Amino acid sequence: MHELLESCSLKVFASEQHLNRLDEAAERFFEDKTEVASIAGEANSQRTKYLFRVESVIEWPRREWGIIVGDAIHCLRSALDHLVYGLASERDTRTQFPICRTRSGSRRRPR
């Protein structure tokens, strides 16, 4: 049991390392930026309504940050799967932690 918990803990630690990398990447990204978007506004002639336009938005490093977040989530999911597999009395290739959108989605599927 100790080995099982230790290996799950290592997977969670790996996820934390990915999230730390994300924090560092975000700090580097924002360190020289004072604004993330430029917004302009103007009133109509009666000054009863205002129109606001986003004129420019800085490009976010979506791909880089997405990969880091994906790796962190994968490590957490792997820790859950590893824990369930280690605790299961009957194991097969489909033994995993159930993650479903609905309660009915977690029902066991026929083999």
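Biologist: What does partly exposed mean for a residue in this predicted model?

Modeller: Buried means under 20% relative accessible area and exposed means over 50%, with partly exposed in between. E42 has a relative accessible area of 42%, which lies between those limits, so E42 is partly exposed.

Biologist: Why is F52 called exposed?

Modeller: The relative accessibility of F52 is 60%, and exposed means over 50%, so F52 counts as exposed. F52 is found in strand β2.

Biologist: What makes the nonpolar surface patch, and which strand gives the most to it?

Modeller: The patch is made by F30, V36, I39, Y50, F52, V54, V57 and W60, and covers about 800 Å². Strand β2, residues 50-57, gives the most, with four residues. A residue of a patch needs over 30% relative accessible area, and F52 passes that cut-off because its value is 60%.

Biologist: Why is the contact of R53 with E42 called a salt bridge?

Modeller: The closest N and O atoms of R53 and E42 are 3.4 Å apart. The limit is 4 Å, so the pair counts as a salt bridge. R53 lies in strand β2 and E42 in strand β1 (residues 37-43), so this pair ties together parts that are 11 residues apart in sequence.

Biologist: How do you know that R53 also forms a salt bridge with E55?

Modeller: Here the closest N and O atoms are 3.7 Å apart. That is within 4 Å, so R53 and E55 form a salt bridge. E42, R53 and E55 are thus linked in a network of salt bridges.

Biologist: Are R53 and E55 buried, exposed or partly exposed, and why?

Modeller: R53 has 36% relative accessibility and E55 has a relative accessible area of 49%. Both values lie between 20% and 50%, so R53 and E55 count as partly exposed.

Biologist: How many salt bridges does the structure hold, and what makes D32 and K33 one of the pairs?

Modeller: The structure holds four salt bridges. The side chains of D32 and K33 meet at 3.4 Å, N to O, which is within the 4 Å limit, so they form one. D32 is exposed because its relative accessible area, 61%, is over 50%. K33, at 30%, falls in between 20% and 50% and therefore counts as partly exposed.

Biologist: How do you know that the length of helix α1 is close to the expected one?

Modeller: Helix α1, residues 2-30, reaches 42 Å from its first C-alpha to its last, close to the 42 Å expected at 1.5 Å a residue. Its buried residues, including L4, L22 and F29, pack against α2 (62-87).

How values were computed: Residues numbered from 1 in each chain as written. Predicted model: local features only at pLDDT ≥ 70, side-chain atom pairs only at ≥ 80, totals over all residues. Heavy atoms only, no water. Helix = DSSP H or I, 4+ residues; strand = E, 2+ residues; numbered from the N terminus. Expected span 1.5 Å × (residues − 1). Buried < 20%, exposed > 50% of the residue type's maximum accessible area, 1.4 Å probe, protein only. Contact = heavy atoms within 4.5 Å. Patch = residues over 30% accessible without salt bridge, like charges linked within 9 Å, V, L, I, M, F, W, Y side chains within 5 Å. Areas by Shrake-Rupley, 256 points an atom, 1.4 Å probe, with all protein chains shown as cover.
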